[in-house]
Amino acid sequence: MELVTHRKFKNGRLMPWGKGTVITGAKGFVYLCGNTATAENYDPAGKRGGGFPGDAAAQWRAILANIKSYLEELGSALDYLIRLTFFIKGPFPDGGVLSSPNFRLDVLDEFFAEHCPEHCSYNNPPPSEVIGIAALAQADIVVEIVAVAALPD
């Protein structure tokens, strides 16, 4: 078995976490890092930059586009998604995560309808979990998504 973690860069700067880990052998998988909607000038170590898109829908769209791009760059695709984890920042008006205005299943379905229809929530989506949280890495981040995909032969 071979395990390779790929570095993540923003505007030529190495970020302090990997983009994803590729495991090959009899079976292979791509494990992506938690994805947020950050701007090219984001510097987490220096706590500068970021420019996160203002609303939840824009953040979801940016994150999903990044996931698609990263999977393709690492030799997989949305077609091979096997797990998604959604970390959703409150508020939770009705007490549950699904009541948060930051949980945007409509945007997820819109994205998959265009890029990978079999993964729409009303079709055959990959397994996932939705976790409600009080905060993420920066105050204006409202969603973080982790993805795992198979690495095809």
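Lys10 is located in strand β1, which spans residues 2–10; helices (H or I, at least four residues) and strands (E, at least two) are taken as DSSP runs numbered from the N terminus. The model is a predicted one, in which local features need pLDDT of at least 70 and side-chain atom pairs count only at pLDDT 80 or more, whereas totals for chains, interfaces and linings use all residues. Residues are numbered from 1 along each chain as its sequence is written, and side-chain values use heavy atoms, with hydrogens and water left out.

With a relative accessibility of 5%, Lys10 counts as buried; this class is defined by a relative accessible area under 20%, with exposed residues over 50% and partly exposed residues in between (1.4 Å probe, protein chains only). The side chain of Lys10 forms a polar contact of 2.8 Å with the side chain of Thr38. A polar contact is a pair of N or O atoms within 3.5 Å; within protein, one atom must be able to donate a hydrogen and the other to accept it, and residues adjacent in sequence count only if both atoms are side-chain atoms. When residues up to four places away in sequence are not counted, Lys10 touches Met15, Thr38, Ala39, Glu40 and Tyr42, contact being defined as heavy atoms within 4.5 Å. Asn11 falls in the loop between β1 and β2 (13–24). Asn11 is exposed, with a relative accessible area of 59%, and its phi is near 55°, a positive value in a residue other than glycine.

The protein contains 2 helices and 6 strands, arranged from the N terminus in the order β-β-β-α-β-α-β-β. Of its 153 residues, 41% are buried. Among contacts between residues at least 6 apart in sequence, 66% join residues at least 24 apart. The exposed surface amounts to about 7,900 Å², of which carbon and sulfur atoms supply 53%; accessible areas come from the Shrake-Rupley method with a 1.4 Å probe, and for residues only the protein chains shown count as cover.

The largest nonpolar core comprises 31 residues, and those with the most contacts inside it are Trp60, Phe112 and Ile145. Two or more residues each are given to this core by β3 (29–32), α1 (56–73), β4, α2 and β6 (143–150), and α1 supplies the largest share, 8 residues. A nonpolar core is a set of buried Ala, Val, Leu, Ile, Met, Phe, Trp, Tyr and Cys residues joined through side-chain atoms within 4.5 Å. In soluble globular proteins, nonpolar side chains tend to be buried together. Leaving aside neighbours within four places in sequence, Trp60 is in contact with Phe86, Ile88, Asn102, Phe103, Arg104, Val107, Leu108, Val143 and Ile145. Another core, of 5 residues, lies apart from the largest one and includes Phe52, Ile133, Leu136 and Ile141.

Strand β3 shows alternating side chains: Val30 and Leu32 point to one face and are buried, while Phe29 and Tyr31 point to the other and are not. This strand runs antiparallel to β6, to which 3 bridges join it; two strands are considered paired if DSSP finds at least two bridges between them. Within β6, Ala150 is the bridge partner of Phe29.

In helix α2, the buried residues are Val107, Leu108, Asp109, Phe111 and Phe112, and their cover includes α1 and β4. Ala113, also found in α2, is partly exposed, with a relative accessible area of 39%. Apart from neighbours within four places in sequence, Ala113 contacts Cys120 and Tyr122. The C-alpha atoms of Ala113 and Asn123, 10 residues apart along the chain, are separated by 9.8 Å. The loop between β4 (81–89) and α2 (105–115) contains Pro91, and the peptide bond from Gly90 to Pro91 is cis, with omega near 25°.

The structure holds 0 disulfides, a disulfide being a pair of cysteine sulfur atoms within 2.5 Å. The sulfur of Cys116 has its closest cysteine sulfur in Cys120, at 8.1 Å, which is too far for a bond. Both residues are nevertheless buried: Cys116 has a relative accessible area of 1%, and Cys120 has a relative accessible area of 0%.
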